[in-house]
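This briefing covers a buried charged residue, a sheet and a surface patch. Please have the sequence and the structure open while reading.

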Amino acid sequence: MIIDVRNLYKDYYSGELVVPVLKDVTFSVEEGEYLAIMGPSGSGKSTLMNILGLLDQPTAGEYLLAGEYTSGLSDKQLAAMRNEKIGFVFQRFHLLPSDTALQNVMLPLTYAGIPAKQRKQLAIEALEKVGLADRLDFKPNQLSGGQQQRVAIARAIVTNPTILFADEPTGSLDSENGEQIMELFQMLNEEGVTIVMITHEREIACRAKRLLYIHDGRISQTEGGAADE
């Protein structure tokens, strides 16, 4: 399995007050799976995503990514694991406004130390995959919201990650652009990319092959998604 979460807890502290956010969370994700984690605002889903994406550490419990324990790793080791195994897609795109689509997608390859010529070719291929071969030199303010999200997805997949985390990926889009993004996720999953998506929208969550519900920091139930309907 690609993700193995065992008895995970996460607490935040406000002075002497302990605020429990995640409570005894246990689940796993198989390689190549498409999982949606669904829950209302304040349910703990974004906190869980941050831990799964190695952006935060749990208070207690174990998290194995691709069979490797993540607890006790240094910041440098966690960053190396993120760069090697993980791609992120966020609701707000997080594109650099002064850079072109091509430059934005090349950025993770720069951090990975890929030579310039190869960076450019890989970024072009990623943008072609998301249908933006004719927008390489466009800056974010010259692109629609849907096109900006596709650039963000190209940036997330350009390093060929083991797993793609998507946090409310259609939250800033209208229904038509949101549908195009969901079709793109479906295509990527069919190509073998493991996808874990956070959402509060039932219609979006049902596009995944499996749903995991989180409420008040606990996993309440799981069920099949689109594949079982």
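Helix α4 spans residues 116–129 and contains R119. The model is predicted. The points below begin with R119 and its contacts, then turn to the sheet and to a nonpolar patch on the surface.

**R119 in helix α4**
- R119 is buried but has no salt bridge.
- The nearest side chain of opposite charge belongs to D99, 11 Å away from R119. This does not qualify as a salt bridge, because that requires a side-chain nitrogen of Lys or Arg within 4 Å of a carboxyl oxygen of Asp or Glu.
- With the side chain of T110, the R119 side chain makes a polar contact at 3.3 Å.
- The R119 side chain also reaches a backbone atom, the oxygen of I114, at 2.7 Å.

**The sheet**
- An open sheet is built from four strands with antiparallel pairing, and their order is β2-β1-β4-β5.
- Strands β2 and β5 (68–69) are at the edges; each has a single partner strand, so one side of each lacks a neighbour in the sheet.
- Two bridges join β4 (residues 60–65) to β5, in the antiparallel sense.
- Y69 in β5 is the bridge partner of L64.

**The surface patch**
- Y12, L17 and V19 make up a nonpolar patch on the surface, and together they have about 260 Å² of accessible area.
- V19 is part of strand β2, which covers residues 17–29.
- V19 counts as partly exposed because its relative accessibility is 35%, and the partly exposed class lies between under 20% (buried) and over 50% (exposed).

Methods
Residues numbered from 1 in each chain as written. Predicted model: local features only at pLDDT ≥ 70, side-chain atom pairs only at ≥ 80, totals over all residues. Heavy atoms only, no water. Patch = residues over 30% accessible without salt bridge, like charges linked within 9 Å, V, L, I, M, F, W, Y side chains within 5 Å. Areas by Shrake-Rupley, 256 points an atom, 1.4 Å probe, with all protein chains shown as cover. Buried < 20%, exposed > 50% of the residue type's maximum accessible area, 1.4 Å probe, protein only. Pairing = 2+ DSSP bridges. Lys, Arg positive; Asp, Glu negative; His and termini not counted. Polar contact = N/O pair within 3.5 Å; in protein donor to acceptor, adjacent residues only side chain to side chain.
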